[in-house]
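Reader: I have a chain on the screen and some questions about its empty spaces, its packing and its odd backbone spots. Can we go through them briskly?

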Amino acid sequence: MFYKSLKATLGIALGAAVLGTSLAAADFPTRDIRLIVPWPAGGGADAISRKISNIAEQSLPKSIYVENIAGAVTATGLIQMSNARPDGHTVGVLTYDSVITLPRGEMVPGYSLDNMKLIARITSEADAIVVSKHSGIESYEDLIARAKENPGQVRVGVAPKGSGPYLSVMQLEKLLDVDFNVITYAGSSSAEAEALLSGELDAAISSLGDFSGILASGDAKGVVELTSVQNATYTDVPTLKSKGHDLQTGSFIVLAAPANTPDDAVETLETTFKSAYDSAEFQDWLAQIGVTADWLGSDEVVTWTENLQTKTFTLMDELDL
């Protein structure tokens, strides 16, 4: 009799727990959603994250607020995200470094994509070479000619070793048989933009969208984009393919939640961000800053990420990086 009573009690408790979970998922979100951007404010990833979250929150009963937690090549913020309560109220922004640089180098204990559940990819951006107006370089041809005439003298800024732009400059040196003075900058592309403005750098590698402000002001100029597809916004910036070389590199923005976040919450987040992504406001804004809209949902983004890692790690092995 005791066991029957205990079984019945446990059954009621389990049923209540399941019902409570279902109701919680159905009511999601019950509080404001924290979107962790693991870069300082002012960079391209920060701007895109803020824009899409501002649109997305309009269809939710709660707000989405961005918190910049920089450090350890995105690991500091993303470890906080992955250690947060897995209920959908904490989301993180992954970039190239989050998917490639950190896993490749096993740089930070406790950091792993296994601790995250990928929600969607929002954008992809080709790397580009941007030159400072102080450099006197006017074109891709000028840049390469100067580098050949002055080996190790043309100052090119990129993110730290292992990053996408660092890999790009290593490939370019090999492909074009040139030797740049490569200078690395921790943090977001805003540091490189400041260096271009001051004349500390002759050139820098990141996306055109990351440098949209100084491109618009005329303080910098895009001379080539490392892709085969012409940028619809920056039509005056040629592709590397048009110069006779086939090299495509770049970054992206992926949203993720802690690994054990309920599927219902992830589905709500994915649907909400997809609606914001599809809005004319977001698409028009991306076109203005020269960033490519490139959505992949939760199922597709996992496969895409695994394939990207395999391909990139193989290339890095070949370049001994």
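Reader: How many cavities of 30 Å³ or more does the structure hold?
Author: Keep in mind that this is a predicted model. A cavity is a space where the probe fits but cannot get out. With a cut-off of 30 Å³, the count for this structure is one.

Reader: What is the volume of the largest cavity?
Author: The lining of this cavity takes in 27 residues. Trp 39, Thr 95, Ser 206, Asp 210 and Ser 251 are the closest to its centre. The volume of the largest cavity is about 380 Å³.

Reader: Which element gives the largest share of the lining of the largest cavity?
Author: Several elements give two or more residues to this lining: H2, H4 (96–105), S4, H6, S7 (203–207) and S9. By class, the lining residues are 10 nonpolar, 11 polar and six charged. The largest share is four residues, and it comes from S9.

Reader: How much space lies in the largest pocket?
Author: A pocket, unlike a cavity, is an open set of points. This one is lined by 39 residues. Glu 125, Ala 126, Gln 248, Thr 249 and Gly 250 lie nearest its centre. The space in the largest pocket is about 850 Å³.

Reader: Which element gives the largest share of the lining of the largest pocket?
Author: Elements that give two or more residues here are S4 (116–132), H6 (164–176), S9 (250–258), H10 (280–289), S10 (292–296) and H11 (298–318). The largest share is five residues, from H11.

Reader: How many charged residues are in the lining of the largest pocket?
Author: Sort the lining by class. There are 16 nonpolar residues and 18 polar ones. The charged residues number five.

Reader: Is Ser 168 buried or exposed?
Author: Ser 168 lies in helix H6. Beyond its sequence neighbours, it touches Asp 127, Ile 205, Leu 226 and Thr 249. Its relative accessible area is 0%. The cut-off for burial is under 20%, so Ser 168 is buried.

Reader: What separates the C-alpha atoms of Ser 168 and Gln 248?
Author: Gln 248 is among the residues nearest the centre of the largest pocket. Along the chain, Ser 168 and Gln 248 are 80 residues apart. Their C-alpha atoms are separated by 8.6 Å.

Reader: Is helix H2 roughly parallel or roughly perpendicular to H9?
Author: Helix H2 spans residues 44–56, and helix H9 spans residues 263–278. Their axes are 8 Å apart, and the packing angle is about 105°. Angles of 65 to 115 degrees fall in one class, so H2 is, relative to H9, roughly perpendicular.

Reader: How many nonpolar residues does the contact of H2 with H9 have?
Author: H2 brings Ile 52, Ser 53, Ile 55 and Ala 56. H9 brings Thr 272, Phe 273, Ala 276 and Tyr 277. The contact has no charged residues and two polar ones. The nonpolar residues number six.

Reader: Ile 48 is in H2 too. How far apart in space are Ile 48 and Phe 282, C-alpha to C-alpha?
Author: Ile 48 counts as buried, at 1% relative accessibility. It touches Thr 123, Glu 125, Ile 253, Phe 282, Trp 285, Ile 289 and Val 291, leaving out close sequence neighbours. In sequence, Ile 48 and Phe 282 are 234 residues apart. In space, their C-alpha distance is 9.1 Å.

Reader: Which residues does a cis peptide bond join?
Author: Look at the loop between helix H1 (2–27) and strand S1 (33–37), where Pro 29 is found. Omega is about 0° at this bond. The joined residues are Phe 28 and Pro 29.

Reader: Is Glu 106 buried or exposed?
Author: Glu 106 has a positive phi, near 45°, and is not a glycine. Its place is in the loop between H4 and S4. Its relative accessibility is 70%. The cut-off is over 50%, so Glu 106 counts as exposed.

Reader: What is the phi of Ala 72?
Author: Ala 72 sits in the loop between strand S2 (64–68) and helix H3 (75–82). At 39% relative accessibility, it counts as partly exposed. Its phi is positive although it is not a glycine, at about 55°.

Terms used. Residues are numbered from 1 along each chain as its sequence is written. This is a predicted model: local features need pLDDT of at least 70, side-chain atom pairs count only at pLDDT 80 or more; totals for chains, interfaces and linings use all residues. Side-chain values use heavy atoms; hydrogens and water are left out. On a 1 Å grid over the protein atoms alone, a cavity is a set of points where a 1.4 Å probe fits but cannot get out, and a pocket is an open set with protein on both sides within 12 Å along at least five of seven lines; lining residues have an atom within 4 Å of a point. Grid points are joined across faces, edges and corners, and a volume is the space filled by probe spheres set on the points. Ala, Val, Leu, Ile, Met, Phe, Trp, Tyr, Cys and Pro count as nonpolar, Asp, Glu, Lys and Arg as charged, and the others, Gly among them, as polar. Axes are lines fitted to C-alpha atoms, for helices over the stretch in contact, and angles run from 0 to 180 degrees between N-to-C directions. Angles under 35 degrees count as roughly parallel, over 145 as roughly antiparallel, 65 to 115 as roughly perpendicular and the rest as oblique. Contact means heavy atoms within 4.5 Å. Buried means under 20% relative accessible area, exposed over 50%, partly exposed in between (1.4 Å probe, protein chains only). Lists of a residue's contacts leave out its neighbours within four places in sequence.
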